[in-house]
Amino acid sequence: MSIHVPEETWFKPPSGAERTWIGLALAWCLVLSIMMPYWHFKGKQNSTGDSYSVTPTAFGARVEQFVKTNKVGETNGIPIVEPSPGGDAYLQAQMWRWYPVLKLKEGQTYRLHVSSMDLQHGFSLLPMNMNFQVLPGYDHVLTITPTIKGEYSIVCNEFCGIGHHLMTGKIVVE
Amino acid sequence: MSTAIAIEPPARESSPSGLSVGNHPSAGVRTCETTGLPVCLTAQQFIRLNAVIAVVALLAGGVAALLVGLTRWPTVHLLDPVWYYRLVTFHGLNMLIFWILFMEIGILYFAATTLLNTRLFSKSLAWTSFAMMLSGAVLVDVTILLGKADVMMTSYVPLKAHSNFYLGIILVAVGTLIGVGNFFGTLYIAKRDKTYIGSVPLVVFGATAAAIIAVVTLLHGAIVMIPTWLWSLDVIKHVDAGWYRLIWWGLGHQSQQVNVCAMVSVWYMLGTITTGAKPINQAVCRGAFVLYILFINLASAHHLLVDPGVGASWKIWNTSYAMYLAVLASMIHGFTVPASVEVAMRKKGHNRGLFGWLAAAPWKNPGFSAFFLSLLIFGFIGGITGVTLGTQQINILAHNTLRIPGHFHSTVVGGTSLAFMGLAYYVVPLIFKREFYARGLARIQPYIFAVGIVIMSLGMSFAGSYGVPRRHWDVQFAGAQFAAGFGSGAHVMLGIMGVGVVLAFVGLITFVLLVVAAVFFGKKIENRPMTAW
Amino acid sequence: MAQEKKPVEVFQKEHEHDEDDHHTPGTVVLTLALLVSFAVYYFANWKALADVWHVR
């Protein structure tokens, strides 16, 4: 019984179905373990955590520079910015907006720098449903390749105060 | 069941007074009329105190759960954003921390004293622990309800709450640590006074594993919460957001592993009490608990899988818990627990077919139904979703979406809370010595709660797979700068979630009412066994 | 009262008799069902992941 002191000989190797199950479960655990390094090398979707230390002020300055150089229009008072394919793009998270709007080309790769000016935020790309953490002090670099054309919204999925649910942004892929 | 309880009262060499021997002071122990087990009266007092506060927290958190759930159901959208975020914070702390920690301290005191036939190590430590935990919990709850801590349970810096919020959490953590210390002290005096011979019972072993993980967990809590508290008092200027997340999850995720350990111990205990189950091979069960202790701490990395600041190899190594050895442990318990019930039921002659033993199990006994439903929900929903969402790359699809609460409501609610409810159906008659009213209602309560939680978890999980965020007041983003939103599929899922919330709340409030009615107004059980379920 | 430090029988070693069969076919089916659902859910998620934007 589980609530009694066990017999003296309780220490014995597993046998029968129990032993088989432990073997099966262990084999499954090895499959689980191997999948991640496999996908790291062969898969196209990885979160490598590539990031650099940055102060919010310095990051804000880089975003402004990026906007000034690459601006192609404006919507809802927010600049639309088209970075050069293969180059760097910047996205600034702050209470409660994503700045600026990005215009990307399908099949091109960009180094997307995301950081926060204030609290922690959550980058959530919809309806694609890709999610990354955004922290103040960390320049989080996502090397992304949009594979499907369309208009995407970015919402915040890390609680960032009372206006959290109003924090949206936009990415257009052409 | 025809007998009062499935385990036979042990044959015993009793002293003339009928009391068990051990190291109890005179008049410090009674013999349970139902199980024949010795009950340390000091421990009994603190099991009662902790259980009462646990149920109060469950009620508070449950009311908040209903209001929050009805807000996330888009057609109802009950609360305003201020109270929604406030009550999400309140719900998380009361359910995940207070209800569960108070229950766990009660379980530790029970397992150490009754199953090892010893007195509680220290009454004053038990008082200190209880007083600190209670004052901490009250401080946290009051601070939240006053609107000074709308920061979610995780209180990610630089989001700042009133300093009393952090102080309250520190008090609860240190109080719990003292209670855990009292448990270890009790193990020590039992060993020293030779109140048992050989190895400790499996349930005590599992409780010890939980206690060891709790120490590691609470130390992380101290490391992260003390600087954060000082930061809220402006003593420290800066707390790094990435550092906070790393250490906080050493508290946040590991505390869930304490729950897993405690829940599995309760499974073994309820299996034995309700069906006479006996593990086939205790070395296997104990080995699985050891795997928890060794590897489960790595799981805190699951919350940082799409974070900056930590690299791919760090994420992959920790995600795998070093080759998923802690997952292996859960899969082992997932076999040994039902297998022990199957062996016991077959021995009683329920041998028909593959599942005749399961059909003949005491499903009308809420202790059994809660235990077995907890096992099924934890394994089939909680476990599978947890390991999958916690896979490094797959987490990109799940981080901070409703899939995450969909997962953990099926581990910590459908699993741990339901198992603890099952335990309560024995704690009330055996420790509070009171009979339940409305026993028919008690028999169906675990089913109502379990079905509600399953519907809710699935609704959340599927809504989350559309990308619906967790902790979010308005998924229609009305008034936002750029339009965003979800299609009808996600809304249907949120509606299903809402139905589940209401049903689960009915199950929860039924449980609370049954327990409160029994504890305060139930018929006293004196000099006789409890009425069998 | 009870000064002798003699543990009651319940705290002595359990008298073990049965090395008899631990026949658990129901549990085997139950756990295999778990393993199959696990694998299906797990690989369905990898499939879903393969469909989103590329990212490193």
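Q: A strand is a DSSP run of at least two residues, and strands are numbered from the N terminus. Which strand of chain A holds A:Gly122?

A: The model is a predicted one. In chain A, A:Gly122 belongs to strand 8, which covers residues 121–126.

Q: Is A:Gly122 buried or exposed?

A: A residue is called buried when its relative accessible area is under 20%. A:Gly122 has 0% relative accessibility and therefore counts as buried.

Q: Which residues does A:Gly122 touch, not counting those up to four places away in sequence?

A: Contact means heavy atoms within 4.5 Å. With that exclusion, A:Gly122 touches A:Trp98, A:Phe132, A:Val155, A:Cys156, A:Asn157 and A:Glu158. A separation in sequence can also be set beside one in space: A:Ser84 is 38 residues from A:Gly122 in sequence, and their C-alpha atoms are 25 Å apart.

Q: Where in chain A does A:Ser47 lie?

A: A:Ser47 is in the loop between helix 1 (16–42) and strand 1 (51–53). This residue is buried, with a relative accessible area of 2%.

Q: With which side chain does the side chain of A:Ser47 make a polar contact?

A: The partner is the side chain of B:Lys315, at 2.9 Å. Leaving aside neighbours within four places in sequence, the residues in contact with A:Ser47 include A:Phe132 of chain A, and B:Leu305, B:Val306 and B:Gln392 of chain B.

Q: How does the span of helix 6 of chain B agree with its 35 residues?

A: At 1.5 Å a residue, the helix should span 51 Å; its end C-alpha atoms are 50 Å apart, so the two values agree. Helix 6 of chain B nevertheless has a kink of about 30 degrees, centred on B:Trp248.

Q: What is found at the ends of helix 6 of chain B?

A: B:Asp240 caps the N-terminal end, with a side-chain oxygen 2.9 Å from the backbone nitrogen of B:Gly242. After the helix comes B:Gly276, whose phi is positive, near 75 degrees.

Q: Why is helix 6 of chain B described as largely enclosed by the rest of the structure?

A: The description follows because 33 of its 35 residues are buried. B:Asn259, a residue of this helix, is buried with a relative accessible area of 2%.

Q: Which side chain is in polar contact with the side chain of B:Asn259?

A: It is the side chain of B:Gln256, at 2.9 Å. An α-helix has 3.6 residues a turn, so residues three or four places apart point the same way. Beyond its neighbours within four places in sequence, B:Asn259 is in contact with B:Ile100, B:Glu104, B:Val412 and B:Thr416.

Notes
Residues are numbered from 1 along each chain as its sequence is written. Chains are lettered from A and ligands numbered from 1 in the order in which they are written. This is a predicted model: local features need pLDDT of at least 70, side-chain atom pairs count only at pLDDT 80 or more; totals for chains, interfaces and linings use all residues. Side-chain values use heavy atoms; hydrogens and water are left out. Helices (H or I, at least four residues) and strands (E, at least two) are DSSP runs, numbered from the N terminus. Buried means under 20% relative accessible area, exposed over 50%, partly exposed in between (1.4 Å probe, protein chains only). A polar contact is a pair of N or O atoms within 3.5 Å; within protein, one must be able to donate a hydrogen and the other to accept it, and residues adjacent in sequence count only if both atoms are side-chain atoms. The expected span of a helix is 1.5 Å times one less than its number of residues. The bend at a residue is the angle between axes fitted to the seven residues ending there and the seven starting there.
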